[in-house]
There are 2 protein chains.
Amino acid sequence: MLSKNRIKYINSLKVKKYRQLHQAFIIEGAKSVLELLESDFEIEFVLATEEFLQKYSTILTRHSVAAETATAAELESVGSFQTNDSCLAVARTKQNEFLSLQESEYVLVLDDIRDPGNFGTIIRVADWYGIRKIICSSDTTDFYNPKVIAASKGSFTRTQVFYTDLADYLANHAENRNVIGAFLGGTSIYDFPFSPKGGLIVMGNESNGIGQEVASFVTDRITIPRFGEAESLNVGIATAVMLDNLRRQLS
Amino acid sequence: MLSKNRIKYINSLKVKKYRQLHQAFIIEGAKSVLELLESDFEIEFVLATEEFLQKYSTILTRHSVAAETATAAELESVGSFQTNDSCLAVARTKQNEFLSLQESEYVLVLDDIRDPGNFGTIIRVADWYGIRKIICSSDTTDFYNPKVIAASKGSFTRTQVFYTDLADYLANHAENRNVIGAFLGGTSIYDFPFSPKGGLIVMGNESNGIGQEVASFVTDRITIPRFGEAESLNVGIATAVMLDNLRRQLS
């Protein structure tokens, strides 16, 4: 049976303040936990049903993971979601380390993305299109939020994130680089020639788009052409379409 | 103050059985209600805050809409979502009418899409890319589910939907048409030549993809190329990338 302290600890990690205090976060669900095991994250412990622990005992042993049995009901009660899943893990968060841009590399820049589901989707999409680095404004939602982790479907294990003041970052570390921003009324992405030299792709807030200060660093304003009447596209969708056009052109 | 009967009626419409019985559905939020007012849906009534009713009195009068004042708290208590919004409407559902394919037209075919959020996103994306008709398998989630309507962000007003047995539909009404299906391991969408003659684009279930019976009618298997390591893309994202490639090629 789960101890009260453990339940209390796990519950505390649903709150950003406590994730920062304990430098730890929750990973829920079999797929995410299995990807976590293959990653370089340091795992504190895995809680899982008897069945899960038996099925994956070889992997768990190979990674010397502290594993504890919990019933499906216990997992459901401590988890963030009301889906009955077979496991949950707690791992150490990583330091907020500076990310530099390599020659010919494309990175994603997020200006104040607020919705955890959107952020998780963006991480998954970036991973599909081979983008490994995401530079986030300080007010972008927390990468370690359980909803972000869940929506990323395991892709959080392959993504490096750096939270910073974007204007400062762009002013000091993006000189001579293409800074491509998604705006209404920009050049069509079908006509825009993505450079093989790489660059930064900036996606803005769900309601307000890219902020004025960040926008001043954008060198290329591009737009996804619209053929019907929807007013806008969700930011996760827009990111996917941008990256698809980028990779198609450069592949 | 809202009458108990009205509260009961609105709450009943959150359930498919009662939507079918009453042939009515709920539309929540200012943006969706305003788009509803401009559509050909028959509106039973609008419930809104004093402020909303004053702000949009001209539009409401022009459309001869029965409007009733409700407090923000009342709206929140009857709405599906815990966001305090300023209005809610109830409108008549449309008959499930057969949709035929016009020459050079592209339509979307959904095989067992289960998640209301995904379905709503697909409707919004289709609207962005100028696709007006969606043919749904009978087990695809209900178009009039409040979560579908909300996620479509008003695009439900511009979309025609027909629920049917897909195998039967494809066998009898898609002869000599391209039936393009999203599969793993198909032709890259970057190389696939979308025909100006139009066709059907089939998207499959979130977990299982396109079912075997429907798959047998697919004439072209196409794939979104992957450049990184994410295992899959969400079906809403995949639909957007497919339609973006289609429109780019044919524009």
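A residue is called buried here when its relative accessible area is under 20%, and exposed when that area is over 50%. In this predicted model, B:Thr49 has a relative accessibility of 14% and therefore counts as buried. B:Thr49 is placed in the loop that joins strand 2 (43–48) to helix 4 (50–55) of chain B. Leaving aside residues up to four places away in sequence, B:Thr49 touches B:Thr69, B:Ala70, B:Thr71, B:Ala72, B:Leu75 and B:Ser86. The C-alpha atom of B:Thr49 is separated by 9.4 Å from that of B:Glu74, a residue 25 places away along the chain.

A second buried position in chain B is B:Arg19, with 4% relative accessibility. B:Arg19 belongs to helix 2 of chain B, which runs over residues 16–22. A polar atom of the B:Arg19 side chain lies 3.4 Å from the backbone oxygen of B:Tyr144. B:Tyr144 also appears among the residues that B:Arg19 touches, when those up to four places away in sequence are not counted. The others in that set are B:Leu13, B:Lys14, B:Ala24, B:Phe25, B:Asp142, B:Asn145 and B:Pro146.

In chain A, the loop between helix 9 (166–173) and strand 8 (178–188) contains A:Ala174. The relative accessible area of A:Ala174 is 5%, so this residue is buried. Contacts of A:Ala174, again without residues up to four places away in sequence, are made with A:Tyr169, A:Val179 and A:Leu200. A:Ser100 is 74 residues from A:Ala174 in sequence, and the two C-alpha atoms are 9.1 Å apart in space.

The domain assignment divides chain A into domain 1 (4–92) and domain 2 (106–250). The C-alpha centres of these two domains of chain A lie 30 Å apart. Domain 1 of chain A contributes 15 residues to the contact, and domain 2 of chain A contributes 12 residues. About 1200 Å² is buried between the two domains of chain A, with carbon and sulfur atoms giving 66% of this area.

Two annotations of chain A come from an unreviewed UniProt entry. The feature "domain: MRM3-like substrate binding" is recorded there for residues 5–77 of chain A. Over this span the chain is 56% helix and 19% strand, and the C-alpha atoms at its ends are 14 Å apart. The feature "domain: tRNA/rRNA methyltransferase SpoU type" is placed by UniProt at residues 107–243 of chain A. That second span is 29% helix and 26% strand, with its end C-alpha atoms 10 Å apart.

Chain A is superposed on chain B by a rotation of 180° with 0.0 Å of shift along the axis, at an RMSD of 0.0 Å. This is the relation of a two-fold axis. The same surface serves both copies, as 100% of the contact residues of chain A recur in chain B.

The size of an interface is often given as the accessible area lost when the parts come together. Between chain A and chain B, about 3000 Å² is buried, and 62% of this area is on carbon and sulfur atoms. On the chain A side, the most area is lost to chain B by A:Arg124, A:Trp128 and A:Phe227, which together account for 25% of what that side buries. The contact between the chains involves 33 residues of chain A and 33 residues of chain B.

Conventions: Residues are numbered from 1 along each chain as its sequence is written. Chains are lettered from A and ligands numbered from 1 in the order in which they are written. This is a predicted model: local features need pLDDT of at least 70, side-chain atom pairs count only at pLDDT 80 or more; totals for chains, interfaces and linings use all residues. Side-chain values use heavy atoms; hydrogens and water are left out. UniProt positions are given in the numbering used here, feature names are shortened, and annotations may be inferred rather than shown by experiment. Helices (H or I, at least four residues) and strands (E, at least two) are DSSP runs, numbered from the N terminus. Copies are superposed by least squares on the C-alpha atoms of residues with pLDDT of at least 70 in both. Contact means heavy atoms within 4.5 Å. Buried means under 20% relative accessible area, exposed over 50%, partly exposed in between (1.4 Å probe, protein chains only). A polar contact is a pair of N or O atoms within 3.5 Å; within protein, one must be able to donate a hydrogen and the other to accept it, and residues adjacent in sequence count only if both atoms are side-chain atoms. Domain bounds come from an automatic or database domain assignment. Buried area is the accessible area (1.4 Å probe) that two parts lose on being put together, summed over both.
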